[in-house]
Amino acid sequence: MDIALLESKIKSLPVDEQNLIYNQLLSLVSDLSIDISSIQAEQKSTESCHCPHCKSSNTKKIGFQYGVQRYCCKECGRNYRDTTGTFNAGMRKGKGEHMKIYMKHFLAGKSLRECAKQAEISLPTSFKWRHRILAALESSQNQVLLKGIIESDEMFFTYSQKGQRNLDREPRKRGKGMFEPKKRGISDDKVAVIISQDRKGSKHLKVATRGRISTNDLEQVLKDKITPESILCSDSHHSYIGFASKNNITHKTIKASAKELVKENKYHVQHVNQTGSELKKWMEQFNGVSTKYLQQYLNWFAIKKQIEKASIPLKSLILTICTSYEVMEILKNIPNLKYI
């Protein structure tokens, strides 16, 4: 079979037909036998059984529990299993098959209710599984490295405490009156998201802070994500100028206020603006996302775009989800994020 010819024919089809073929292939691949436990056990054996608590490799096997290998760390003295810290940690026996079905429909972009229906689980369980998988995808975002001409810009989401019982502010009401006081401009009511991407399509999306961004915020988000000799394109905000100067990065500023769209016929921020527009439209379907989970949804959006463009193999994505041992730590530390 000529794969290149088949690929060219698929690319010549309208986008909706390409998506239909993609979903059919996704269903076909996801129906194959995936033994999550075997994948995790194999990964543990290849990485010298690193302790998920202290990261030490000085460990030993101490038998099985419910058919799952157990280990003991000689450094911190804590016990753990192959599944400790993963997205399926603490999952009851027999739920593995439900999780396979759930992952299939989750990766196909189905809603919480549809995933719950297909996997025969409750809606709260569907919500919990979604965020465990999204937390597992964070490692994929952390490995993104941008090179060449890089565009970067910030966008803002309303700070949300959706789902929390004890608010640190007065509850918002729909249909604000004209006499109700409002905060103008960028305030602590907004959460800044830094969107960066290169011309090869690699994207990095990260929640930075509440309110206006600073040079230190960009330092924390982008310092290790840009390769040397890259060229950074952004607006003329002082934080980008300071970040580029501090890290000796060639910086091209696009002055939108002066109606400048392209500089030197190749430097612009149109790609990242398009990504921001797509992100905003995609987020609307969730009817407001709690700020504490915002980073997980950014991870989902980035991976979703990679899947659509077939730039990441499905098998690699499943391996990433199954072998992420920091899921429970990520979810546990959500209340300690600086913008919460």
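A residue counts as exposed when its relative accessible area is over 50%, as buried when that area is under 20%, and as partly exposed in between. Keep those cut-offs handy for the exercises below, and remember that the model is predicted.

**Exercise 1. Place Pro 228 in the chain and decide whether Pro 228 is buried or exposed.**

Start with the location: Pro 228 sits in the loop between α8 and β7. Next, take the accessibility, which is 73% in relative terms. Exposed means over 50%, so Pro 228 counts as exposed at 73%. One more thing to look up is a partner in space: the C-alpha atoms of Pro 228 and Ile 249 are 7.4 Å apart, with their positions 21 residues apart along the chain.

**Exercise 2. Get an overview of the chain: how many helices and strands does the protein chain have, and what share of its residues is buried?**

Count the elements and you get 13 helices and eight strands. Then turn to burial: 42% of the 340 residues count as buried. For the surface, the chain exposes about 19900 Å², and carbon and sulfur atoms supply 50% of that area. Finally, look at the contacts with a separation of 6 or more: 62% of them are between residues 24 or more positions apart.

**Exercise 3. Work out the strand order of the five-stranded open sheet and say which strands stand at its edges.**

Walk across the sheet and the order reads β6-β5-β4-β7-β8, with mixed pairing. The edges belong to β6 (203–210) and β8 (250–253); each has a single partner strand, so one side of each has no neighbour in the sheet. From one strand to the next, the twist averages 25°.

Now zoom in on β7 (residues 231–234). Four bridges join β7 to β8, and the two run parallel. Within that pairing, Leu 232 has His 251 as its bridge partner in β8, and Cys 233 has Lys 252. On the other flank, β4 and β7 also run parallel, joined by three bridges; there, Glu 151 is bridged to Cys 233.

What about the side chains? In a regular strand they alternate between the two faces of the sheet. Here, Ile 231 and Cys 233 point one way from β7, Leu 232 and Ser 234 point the other way, and all are buried.

**Exercise 4. Find out how helices α8 and α10 pack on the sheet.**

Take α8 (residues 215–222) to begin with. This helix touches β4 (149–158), β5 (190–198) and β6, and its direction makes about 145° with that of β6. Helix α10 (residues 270–283) also touches β4, β5 and β6, but here the angle given is with β4, at about 30°.

Then ask which residues of α8 are buried: Asp 217, Leu 218, Glu 219, Val 221 and Leu 222. Their cover includes β4, β5, β6 and α9 (238–246).

**Exercise 5. Describe the hairpin formed by β1 and β2.**

Strand β1 (residues 59–65) is joined to β2 (residues 68–73) by five bridges, and the strands run antiparallel. One of the bridges links Lys 61 to Tyr 71 in β2. Two residues lie between the strands, and Tyr 66 in the turn has a positive phi of about 55°.

**Exercise 6. Classify the Phe 127–Tyr 293 and Phe 286–Tyr 297 ring pairs and explain what each one ties together.**

The structure holds eleven aromatic pairs. For Phe 127 and Tyr 293, the centres are 5.8 Å apart and the planes make 80°. Edge-to-face needs over 60 degrees, so this pair qualifies as edge-to-face at 80°. Phe 127 lies in helix α6 (residues 123–136) and Tyr 293 in the loop between α10 and α11 (294–308), so the pair ties together parts 166 residues apart in sequence. As for burial, Phe 127 is partly exposed at 33% relative accessibility, whereas Tyr 293 is buried at 18%.

The Phe 286–Tyr 297 pair is edge-to-face too, with 4.9 Å centre to centre and 65° between the planes. Phe 286 belongs to the loop between α10 and α11 and Tyr 297 to helix α11, so this pair ties together parts eleven residues apart in sequence. Both residues, Phe 286 and Tyr 297, are buried.

To finish, zoom out: Phe 286 and Tyr 297 belong to one aromatic cluster, with Tyr 102, Phe 106, Trp 129, Trp 282, Trp 300 and Phe 301.

Note on methods:
Residues are numbered from 1 along each chain as its sequence is written. This is a predicted model: local features need pLDDT of at least 70, side-chain atom pairs count only at pLDDT 80 or more; totals for chains, interfaces and linings use all residues. Side-chain values use heavy atoms; hydrogens and water are left out. Buried means under 20% relative accessible area, exposed over 50%, partly exposed in between (1.4 Å probe, protein chains only). Contact means heavy atoms within 4.5 Å. Accessible areas come from the Shrake-Rupley method with a 1.4 Å probe; for residues, only the protein chains shown count as cover. Two strands pair if DSSP finds at least two bridges between them. Axes are lines fitted to C-alpha atoms, for helices over the stretch in contact, and angles run from 0 to 180 degrees between N-to-C directions. Rings of Phe, Tyr and Trp (its six-membered ring) pair if their centres lie within 6.5 Å; planes under 30 degrees apart count as stacked, over 60 as edge-to-face and the rest as tilted.
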